[in-house]
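Reader: I should like to learn how to read several features of a model of this kind. Could we take them one at a time?

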Amino acid sequence: MKADPEAQLRLLDLQGIDTALAQLAHRRRTLPEHAELQSLDARLAGLEDERVRAQVAVDDLDRDIARLEKDVDQVRARKDKDQARLTMGTGPARELEALQHELVSLNRRQSDLEDAELELMEQREQAQGVLDGVAGRLAEAREARAGAASRRDEALAGIAKDEEFRSAARGPLTAQIPADLLALYNRLRESSGGIGAALLRAGRCGGCRLELAGSERGRVRAADPDEVVRCEECGRIMVRTAESGL
Ligand SMILES: [Zn+2]
């Protein structure tokens, strides 16, 4: 293939832009914030489960306490009724005696219920403490996530801006390169790890870094400036300049 030496030089500029674009794409994929957000999301999911369990424990205790309070209310109502009948003092003595017995047992029942309620209230206080602790850790993790997300967005915006800048220069540059040379460059770039053209510097291919053998060097030296020369080792386009050491 033949191409004007100037067009071949433009390939180096194009390669510079394409390498920068590839590095930016790599940076976008490998931002540390991606891994950080992933681990924070897992932490948030775990804490959310923990919060639900802690809330269920508090709700269960509230329900148990409410049931005990209802029982206590029933006992109180029954006591009031018995007390009122005793105060009136009417009725057979046996009946009044039975009422007094019932009052004693109702008092004992109320005291038992109140003890049980007290116990549950202590448990509830502990459960609430657990819930508050989880809620605090959840708030911290949410804040950390928001911080990481904002750092990620900032980094992505910076990368997008750089990409826009590089891409804007790419178009006019490709217009200065013949279509067949550009196609070869693009094909080589795809098949050779992102580098399609490199400077031949001091007898060394800039693509694979290998030094040209004597015979190879002679072939390249003898090649017409319009000739597009390629490395025997890596196949990439070698652009010759005064630095090529031929
Ligand atoms: Zn090479």
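Author: We begin with accessibility: a residue is buried under 20% relative accessible area, exposed over 50%, and partly exposed in between. The model before us is predicted. Cys208, with a relative accessible area of 24%, is therefore partly exposed.

Reader: Is Cys231 buried or exposed?

Author: Cys231 is buried, because its relative accessibility of 6% falls under 20%. Cys205 is also buried, at 1%.

Reader: Which protein atoms are the donors of the zinc ion?

Author: The SG atoms of Cys205, Cys208, Cys231 and Cys234 serve as donors, at 2.2 to 2.4 Å from the zinc ion. Along the chain, these donors are spaced as C-x2-C-x22-C-x2-C.

Reader: How should one read the arrangement of the donor atoms around the zinc ion?

Author: The ideal angle for four tetrahedral donors is 109.5 degrees. Here the four donor atoms subtend angles of 106 to 118 degrees at the zinc ion, so the arrangement is tetrahedral.

Reader: How many disulfides are counted?

Author: A disulfide is a covalent bond between the sulfur atoms of two cysteines. In this model the count is zero.

Reader: Into which domains is the protein divided?

Author: Domain 1 comprises 5-19 + 178-240, and domain 2 comprises 31-174. Their centres, taken over C-alpha atoms, are 69 Å apart.

Reader: What area do domain 1 and domain 2 bury between them?

Author: The size of an interface is often given as the accessible area lost when the parts come together. For domain 1 and domain 2 this is about 570 Å², with 70% of it on carbon and sulfur atoms. Of the area that domain 1 buries against domain 2, Leu14, Ile17 and Leu182 supply 66%, more than any other three residues. In terms of contacts, nine residues of domain 1 meet five residues of domain 2.

Reader: How many salt bridges are found across the interface of domain 1 and domain 2?

Author: One salt bridge is found across that interface. Arg170 and Asp18 form a salt bridge in which the closest N and O atoms are 2.6 Å apart.

Conventions: Residues numbered from 1 in each chain as written. Predicted model: local features only at pLDDT ≥ 70, side-chain atom pairs only at ≥ 80, totals over all residues. Heavy atoms only, no water. Disulfide = S-S within 2.5 Å. Buried < 20%, exposed > 50% of the residue type's maximum accessible area, 1.4 Å probe, protein only. Donors = N, O, S within 2.8 Å, 3.2 Å for Na, K, Ca; no water. Tetrahedral: all angles 85-135°; square planar, octahedral: opposite > 155°, others 65-115°. Domains from an automatic or database assignment. Contact = heavy atoms within 4.5 Å. Buried area = accessible area lost by both parts, 1.4 Å probe. Salt bridge = Lys/Arg side-chain N within 4 Å of Asp/Glu carboxyl O.
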